[in-house]
Structure formats: structure tokens, C-alpha cells
Amino acid sequence: MPNTHKHILPHYEAALTGLGDQAYQIAQILLVQLSSLKEVFERADLNRLNQIIAETPSIEDKARYLQQDGTNVLSQFHPLGSDLRFVMAVSRTSDKLMEAVDELQGIAKGMKKELKNQTPLFPELILPLLSMAIEELRDATDSLQEKDVEKALHVRVNDKKLDKAHRKALSALIQCASENQSGLNVSLLLIIRSIERLGDIAKTIAASVVFYDDARDIRHTSLKG
Amino acid sequence: MNDTKPYEPPIIQVDDFSFFYGDKQVLHNISMDFEENKVTALIGPSGCGKSTLLRNINRMNDLVPGVHHQGDIRIDGTSLYDPKVEVISLRKRVGMVFQKYNPFPKSIYENIVFPLRVAGRNSRSELDETVERSLKGAALWDEVKDKLHQSAYGLSGGQQQRLCIARAIANRPQILLMDEPCAALDPIATLKIEDLMEDLKKDLTIVIVTHNMQQATRISDKTAFLYLGNLIEYGDTAQIFTNPKEEQTEAYITGRFS
Amino acid sequence: MNQDDIPTQEQPAYQPKPVPKRFLVSKATLWCDRIMTKLIIGGGFTVIVAVFGILFFLLAVTLPLFKEAEVLEDVKTSPVVPTDGSWGLDASGKRPYLFRHGKEIDFLNQEDGTLTPVPFTLPDNEQITAYTYHSGLGLYPIATDAGKVGLITVKSGLNGHGDPDVETGGKPEVKVGELYPVTESGEPIGKIIGLTYADAGDKKVFVTLHQDADKVRTFVMSLEQSRSLVSDGELEPTGYFELSEQIDGKPSKILANMAGDGIVVVTDKNEIVYFAFDENTETWNKKQTIKQAFGNDEGISVCEWLFGDMSFVLGGKNGSLSIFSLYPQTQADGTTTRLFGKTKEFEPLNGPITHYISSYINRSFLVTSPTQMKLCYGTTADTRWEEPKLNFSPIQVVGNHELTSFLAQDAEGKLHRYSVDDKHPESGTKALVGKIWYEGYDAPKWMWQSVGGTDDYESKISLMPLIFGTLKGTFYALIFAVPVALLAAVYTSHFMPASVKKVVKPLMEIMASLPSVVLGFFGALYLAPKMEDKVPAIIMMAILIPAVAILFAWFWTTRPIEWRNKISHGLEYIVMIPVILIIAWVCWCYLGYWVEEPIVDMVRGVMSLWGSGDFQGTTFPELWRNGFDMAYEQRNSLVVGFIMGFAVIPVIFTISEDALSNVPPSLIAASEALGASRWQIVKTIVIPIASAGIFSALMIGLGRAVGETMIVLMATGNTPIMDWNIFNGMRTLSANIATELPEAAQGSTHYRVLFLGGLILFSLTFVLNTIAEIVRQRLRKRYHIV
């Protein structure tokens, strides 16, 4: 059980909190970008889309920086116990956030292509999915920042819903394509899959919160664990 | 089908042991079993009683005036305080290595054969064989085999401590007690001694008191955390240092001590 | 205006930052430091200077003992004076006189070399037929043609320093004494051709040689002072003796001793005959004839008394020089009589011994050969000064009373005057360290007996008995003190429980503070009488206590461990002390006596195996005295050993206990943890490491024992003997100084020799302490002790 006392070394305390804050900030930026994507979807704002694509490298940099910081904390402070688990959780989170940035980039580029091609985007299918993913991601990173295990476990539950919605959306898309006898819109497919991956990322982040709390790895256990 | 093994007592069994310097109680009802051929680390802040507990295992506290104890410590099932126990014999079974290396002002050879000479064994062949075996066991043989008859004080600090370890194992004790053996040594010398502990534990049981938590994590199989004379937590080292059960343990190892 | 002409501004010099106040040192601190440094260095130097100052002072006082004699010829005044007569010298050496023609004595004025004649006449116009000169008494014994003898006394008019005598106002005086006939009848017998005179206080002896026809007869006449109530009476003749029958050959030289009971005659056969006067029979009996005195046929040229008249110096025609002394010699029939025997021999001179003069205050004498002069000292057979090549041949040599100056007249009449400066002739390396054959003893010995009753006492100043005594006292003290102190220190530092140690250590300090006078007093008056009959008890205790202790300890180790664990950690003394006390009490009160007689009988039985078993006695002292023929005294070395032990034990104990306690506890912990028992730890670890300190302690204890004065002074017989016998006394250098220095005349030989004893003690302790420090440093390095 993590201790709530302060460290004897204030700069150790600050380093650990710093790691968590950094992860949270990166997550917030990511969430903002993802929300912007939602708007772009609705209003077909190409400029906004270009802007989003242009801003991704900086988020990547931040994530890389976070990874390095995590290594530094390990070598400087040799954390043990719950601190060790926290640093490992943040480390895993930073990896996952980098992946999330990749997915964000993928979605944005796919949307751009669709907009250029003037193909329908099916917002009524995609947007709810995106919203759910964003919520999951927000919950997961919030649970890390707040060290709230309940929230993290909730993320796991919600992800199931996302999976279901995702499967539904896919089947709808396929049906639509077969009805219209147009080719399957691969870009849309990829976008949907990216969204689904975002959900997985949120799930992993949530799992690392549980590990931090209890040294359990719930990634591969059933919900009952 | 019942295949019960005959009961083998743990090599060291501390049974509800309390220790007093005069009126001051220094150890409170400690109960723990040490496992054979393992390295057990005793950690805890200063004054928590870990050195006291260690020194009780070979009754080195006997000569301090005004001490008394309650409870028992048993080695191989026999209580240390049994009236038939001869303390000198006990100390031949339980060797000790001290924080500040303390070789005798004699040659390296004479240092190592000292425990045999006091036991009355003076045959040249036995002594030679013991010196070679002990120095090899202490990972010092190659470095000193050409200067066995030079003064022990000509060695470096780390070598002197290894010499003291060689001396302590010369008589092949069952148990080796180490009281912060690396506290006065540089990191490389420390690692060399930790390395040899890995080998030694094949034949002995080692109990080590250490302040250095990294050392405890590196070399011990089991760790006991003591605080203010109480045993707070005792378990496998990996578990104690990644997921301790007790809040006090967690606070100590992470440095969140108030 | 060219830019280059403008002089470049100097960079401002680097100003170091001002030093904050808290880094500065106050002047007072610095001054204090400087002053203290100088004081401490000064103190150190002062100590060194003081020690060396003492050393130099001692050397200054003792070095004169080893100086050679200084004999200088006064070449300024060497007058040429007549040779026809017998020269004499006054006490100051400044007014020589010449006995001439049997009618006058001419006194030499040293300023101008003129002679002042002082004539004398004999009653009845008698003529002098023989005379001799007695420089000690300053008179000429004479013999007349009437067969009478008498004395002519000479007063030079100067006192001992050469200043005019107050009584006579500087004028010389010659007085002719009473003349006494040599024979009872008063008739002269032949012509007296030689005589000698001895003044034995109340008795005077004249020995005369008479040429009677072709024989030379020897007569002795003694006079004694009759006593009356009113005044000293006159000299009355008391004996007339003739020795001629007892002398074989013609006597050529006669000597009579100042005790009046011995006469030595040298015959023309080169034999020496000794006569002693027997008080009971009132006769002169021949005691001894010495033939071939030099071991060969060498002729005797000089035979004269050495000061004290117990020895005579014999000079030979080939230059041999030896001394014969009177000492008890065992005869064939087992009795011992005092006879003359050769005791000393000198290096021969390269020519016959021609002249002899001696001092009358010590045993210095001067002999000459035609080409040599040699100043010797009789007791030590030492040559004090030599003139190996004289550039003249002396025809007469005469010295003053103290032999501080002498004259030698050569054939031309020139008088060579010499002054002699030999303040300590009786000292020197041989006298102080070698075996000397003293007068009256039958062999050379080491002896210390510095003062005697008479003026002519031969001072025996060999330091060997004293050095031996110091070593003996130290030895016996240490034999007792060292084992006790060391074992006690080992026990106290490593076996004693802390509570008892707290009491024991201050007790030992108290023991150290006992004044040695008190200890000596206690030893002499209480312990010595008590121990006189308890020696067997003490021997039994010395044997039994260790034996029983060891036996009991062994027995204790066989007891079950439960018992032993109950009484451990230093409490074992509770069990051991009663055992030791009981044994001690039994020995002291009972066993000593029970065992005494059986042991004496047993020893008698053993000794009768080689035939010496027949001695009287049943007690230990009697066994010692009669059986072993060794002295047994009440105040002996055993008592001294005990009492000095009291003084030395605390010193050794305290220092060794400190050293044993200061062994690093980490090493003791290490050896404990290795399963060593307490004794093993002490033997293998503690003692080697503490060896430096223990050695120091032993040296300091040794130094203390060597210098201990009062205890030895009071608790021994203070006899300067050289004997390891434990039941005998001793005299140490320190006790000797304490006893004799108050009565030694300042600047005398005795005084300086005592200081030499002090110098030896000083050097001994200095050397011991230096060795101790060197060894201690070596041991420290070896065992890496801080």
C-alpha cells in the first residue's frame, strides 16, 4: 500500500511528482488534440487538421523526454517498494502515450486523405467511438495522476463497451460498403482500428495504475482478479 | 500416503527473545527462524537492535555487565543458554566478522590458523591445507599465496576484511555472523565480498547486518526489518523490497521515514 | 595625435577580497601559541641540559681519579751544591739541607743558592760513626764512636707551605737529642757501621750493625717512655738484644717497623731475614728467611719500607722491583703465621735500582736507576710517572714528607728539583675495578673498606663489591617482584571483574606510595627477626602454593560445566583464595616446623654420600652455617628481596597493567569470536601486543631496584661482600653513598670514588632506560600499536 508520508529527500519527492505531472501534461495535450480531431470531423476543417499533424512531433518529444526522466530517477534514487512501482507505471505510460501519438497522427492523416478525396466520413459512426476512446484515455490518465484504482478498474470495464461499439461500427461499415457496392473505405477502417487501439492504450495505462497500487499485473487476468 | 519428513529444527531459531541492558529493554519478543544455507539480512535504523540480536547468536554480549534475557535462541534445536553449553565451543560453531576489519598483528598464515591453534590442532599439514582452503573460500588465495608469512597489516582494507572472513571460516563453522562487514570498504571491495558470500552460503548459513539497502537487495535471500527492538517484517528479500506488507517497512525502505 | 601615443591605462592591480572576520585569528591566540611553543621547547631543552649538566658535574668530580701524576722539574733553580753529605728535604720542599762532616747541617737558600750552616756538637766530643736519614720524621739517627745512638732533629724554619714558621721566625734549627748506649753494659762493641731507627709511639727501637773484628754483629735496643702521673716521663731503655747468631752472613741493610715488633735484615748473601718480637717471652725470634727473593741470584740493591711498614720494596741489581708484604701463611704443620711473601712485581728498570724514596702519607714511592726515574704506587703496583731517559745520573735522591717534591743531585753537584702533583695515587682503573693484593691478606681480592682506624690504613676502594651488591640486591628483588607483578597485572587486566578492579588498582597505587624508609624499617625490625626461623615455612609456601593452585585448577576443570558456569567471568577467585590462604597458613604455622628437622636430616644423609655429612644442627640456619659452610644472617637478601619487592611491584604492576589493558578491544573481540578461551587470548594476542609496555615496566622496575637506597641500608647487614648467598647481606652503591658520603673529606679520593659510584648508577639507569626505549619502539612497530 503506498505510503502517504513525505520523502525525507524533498527533491526525491519532487522528482517522483514531476514524473507523474509530466505524464499527465502529455496526456492532456494529447486529449486536446484528440478532441480537436472530433471538431475537424464535424466541420471538415483542413487547416485545423494540418495544425494537428504539425504539432505531433513536439508531443512525441515530450514523451521521449519523459522516458529519459524516468531512467534518470531510477539511477539516481534507486527507488524501492511503491516508488519503484510508480516509476515503472509512469515508464509504461510514457511508452503508451508515444504509441497514442502515433495513432493520433494516423487518424489525422487518414482524415486528411478522406477530406481531400471528398469521401464520406460517416461521422455518426466514428465520432461516438472517438468520444468513448477519449473518455477512456482521460479516465486512465486521471486515475494515474490521482492514483485512483477504482477509476482504473472502471476503465477496464468501459473498454469492453468500446470493443463492442467498435465491432458494431466495423460491421456497419462493411454492410454499407456491400450495400453501396463501393469498395471498402480502407482509410475509415484504419481510423476505426486506431481508435480501438487508443482504447487498448488506455486499458494498459489503467493496468499499470493497478500494478502500482498493488503490484498486480491485471493485464492478462480476468475481470474478477 | 504419508511421507512426512522427520522434524528438522531450523538452524537458528529465535523464540520470543527479549534482551535487556540493565533496565533498558533492547529487544522485544523477537521470534524468527533462520534458514540454512541462506543469507539473511537484518536491516533497520540505528539503535533498532539488529547488532544486538546478531551478537546474541554467539553470546558475545555475555561479558557486558548487567545484561539479561528472556526467551530463547536455539541452534540446531539446542538452546544457547543451556547450562551445559560451553561458550567457547559455541563460538567455534558460529563465526563472526566485524565492521572494522581486525586481523591480528601476525602473519597472514598465523592469522588464519589462529582458531585451529587455540583448538590445539598444530599439525603442519592440517594447517597448510586449512590456510589454502580458507583463503580460496575468501577469494584471497591468488592475491596472497606468495606472501603468506608477511604481516597481515600489509594488505589493503578489502583484503584485510577478506582475511578476517578467511579466518572466521577456517574452522568451518556452521554459521557466519557478519556485522556490517563492508561498511569500511570501497565499492569494488564490497562487491568482491558480496560475491564470495554467494559461494560461502553453499556451506554455511550467513546472517548479515547491513545499513546498505542495495547490498541487502543484492545478496540476501531473506530480510528482516527491525525497528526499536521489534521485528516488524521478515520475508523474502524480493518481496520486502518491491512490495513490503508493513507500512513501517515501506516507509523505511523508500525513505519516507519521519 | 596618433592613437599609439596615448599611454595605455594600467590595469588596476588585483585586489584580493577582504577576509571575513570569522576567518581571522585573534592576536592573543597567536601570541599564546608562540609563547607556549617556546616555553615547551625551552622546557625540553632545560631537561636535557639538566641531565647532561648532572653528568658533566659527576664527570668533573670523578675524572681526577684517573689522572696521571705530574712531575715537573723546576729548571729555573738548579743550584750546584756540595755532594759530600746526606741531603734532606723539609716538609715544604723549599729548604733542602745537607748533613755534612758529621758536624753541621747546611740549609740551602733557594733564592741565591747559598748555604746557611747550622753546626751542632755532640756531648763529650763524641764522633759520629754512622748515621741515616729518616725523611718521614725529619731527623738523622746517629751512632757514635762511644757506642751510643741518638737522634738529631732538624727544623727548617719553614712551615708546610714554605712560609716562615711562626715559632722559629724562619730560622732553621738543629737539635741533638739524648744519646743512649746500645749495650746494657754501656760498653761499645766494635764500631757501629750502620743503624736504623723506628718510632713506635711509646716505644723506640734502634737496630745497629757493629763491625767487630771480622764479623758484623747486630744489636737491637728498645726504649720506652715511662709514664708518670705528672708528665710524660723520659725514655728508658727496656731491652737489649743481639741477633747476630740468628743471622747467617753479613747483614748489609736493616729495617725496623713503626710498630716496634718487626725487624728485617738483608745479608750479603742476598737473603732476607725477618724477626718478630714476642711480647710474652720478650725476645726477638727469627721467623723467616727469604732466599732468592727475585727468583734467581739477582742481588738486592734496595730494601726499604713502604708507608705503613707492613710491606717493603725490594730493588734488584738487574732492575727488578717487587714488594713483599706481611700476611698470614699456612705452615706445614697447619698453623698460620704472619710472614712476608712477594705480593707485587713491577716492570723491571733498565739498570740496577739505585735510590728509593717514599711518601709518608700514602704508599707512593720513587725509585731510580742510573738512567731512569719511576714514581710508583705500592698498593696497586701502578706506575704513576716515569722518566725513561734521564740526562744525568742521580747520586742522591731525597723527598719531602708527603713526596710532593724531591731532589736529585747529579755527579756535578747540580740539584735537580722536582714537584710532584699526584692527588689520587691510590685510585685508577686497577684500584677501582681490579683485584688488588692488599697488605695483610693472603691473595688478591676485590674489597671495599674505605676507612680504617689508623693514619697508615690502606684504603680498599674496589667498586666491584658494591656493583656486585647492587646487582645482587636488584636480582633478588626482581626474582620476587617480577613474577608476582606480571601475573597480577595479567590477572587484573583480563580476568578480574570490573567491580573488583575498581578497588584493586587504587590499592596498588597506595602500595606504590609507601616511603622506602618505612619499608626498610619494617623489614629490618619486624620482618627480619620473624623470618629468621621461618625459612623452611617460606620454602614450603613457595613450592606448595603454586603446586596446590595448579592442582586445584586442574581439579576445577574436571568438574561438570554447570558448576563452572555458575562461577565464571572473573569470580573464580572466590573459590581459589580460600585454598591459597589455607595452604599459606598451614605452611607458616605448622608445616615449616614439622618439615624442618626431617629435611635437615635428609640433607645430611645426602651429603654423607660424599663424606660431608657430619655437621651439627637441626634447624635450617644451622644447616646453612654448619652444613653448607655459608653465612646465615638475620638481615639477609631474602628479607631485602621481599621488601624491595614491595617497592618495585607496584611500579611494574601499574605500567604492565596499563599496557595489557590498552590492547585494542577489537582484537580481543576477534579472538573471542574465534573461540579462544581467556587464557589463550591473553597468551597469544594480548601479551605479544603489550610486550612493549611490559618490557618498559620491567626496565623501570629494574631502574627503581637499582637505585633503591634506604631499604637496602636498613634491611641488610650492609657488608660489602661478593657472595650470591641469599642468607647474606650486601652493600649497594646507593647505600654506600648514603653511609659514607657525609664523612668523606671533600675533594679526597674517597669522596671522588663515592661520586664515581653515583656516576655508575646514573649511567646504569641511563643505559637501561635507553635500551628500554629502543626495544619498546621496536616492539611497537612490530605489533603496530598506536
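**Strand pairing and chain contacts in a predicted three-chain model**

Biologist: In strand E20(C), the residue Val313(C) has Glu304(C) standing opposite. Why are strand E19 and strand E20 of chain C said to pair?

Modeller: This is a predicted model, in which local features need pLDDT of at least 70 and side-chain atom pairs count only at pLDDT 80 or more, while totals for chains, interfaces and linings use all residues. Residues are numbered from 1 along each chain as its sequence is written, chains are lettered from A and ligands numbered from 1 in the order in which they are written, and side-chain values use heavy atoms, leaving out hydrogens and water. Two strands pair if DSSP finds at least two bridges between them, and strands E19 (residues 300-305) and E20 (residues 311-316) of chain C have five, in the antiparallel sense, so the term applies. The hairpin that E19(C) and E20(C) form has five residues between the strands, and there Gly308(C) takes a positive phi near 105°.

Biologist: What makes these segments strands?

Modeller: Strands are DSSP runs of E with at least two residues, helices are runs of H or I with at least four, and both are numbered from the N terminus. E20(C) is also joined by five bridges to strand E21 (residues 321-330) of chain C, antiparallel to it, and within that pairing Gly315(C) stands opposite Leu321(C).

Biologist: Why do E19 and strand E22 of chain C stand at the edges?

Modeller: The open sheet of four strands follows the order E19-E20-E21-E22 in chain C, with antiparallel pairing. E19 and strand E22 (336-345) of chain C each have a single partner strand, so one side of each is left without a neighbour in the sheet. The twist from one strand to the next averages 30°, where axes are lines fitted to C-alpha atoms, for helices over the stretch in contact, and angles run from 0 to 180 degrees between N-to-C directions.

Biologist: Which strands stand at the edges of the open sheet with the order E2-E3-E4-E5 in chain C?

Modeller: That sheet has four strands with antiparallel pairing. Strand E2 (86-89) and strand E5 (115-119) of chain C each have a single partner strand, so one side of each lacks a neighbour in the sheet. The twist averages 25° from one strand to the next. Strands E3 (residues 96-100) and E4 (residues 104-108) of chain C are joined over four bridges, and the bridge partner of Arg100(C) is Glu104(C).

Biologist: How do you know that strands E1 and E2 of chain B pair?

Modeller: Strand E1 (residues 12-21) and strand E2 (residues 24-34) of chain B have seven antiparallel bridges, which meets the requirement, so they pair. Phe17(B) stands opposite Ile30(B), and the hairpin of E1(B) and E2(B) has two residues between the strands, with Gly22(B) in the turn at a positive phi of about 65°.

Biologist: Which two of the chains share the most contacts?

Modeller: Contact means heavy atoms within 4.5 Å; of the two pairs of chains in contact, chains B and C share the most contacts, with 26 residues from chain B and 22 residues from chain C. No contact joins chain A and chain C, whose closest C-alpha atoms lie 31 Å apart.

Biologist: How much area do chain B and chain C bury between them?

Modeller: Buried area is the accessible area (1.4 Å probe) that two parts lose on being put together, summed over both, and for chain B and chain C this is about 2100 Å², 66% of it on carbon and sulfur atoms. Pro105(B), Phe114(B) and Val118(B) supply 23% of the area that chain B buries against chain C, more than any other three residues.

Biologist: Why is the pair of Arg256(B) and Asp83(A) called a salt bridge?

Modeller: A salt bridge needs a side-chain nitrogen of Lys or Arg within 4 Å of a carboxyl oxygen of Asp or Glu; in this pair the closest N and O atoms are 2.7 Å apart, so the term fits. Between chain B and chain A the count is one salt bridge, while between chain B and chain C it is zero. Helices H8 (213-219), H9 (237-242) and H10 (247-254) of chain B each supply at least two residues of the side that touches chain A, and H10(B) gives the most, with five residues. Chain B and chain A bury about 1300 Å² between them, 47% of it on carbon and sulfur atoms.
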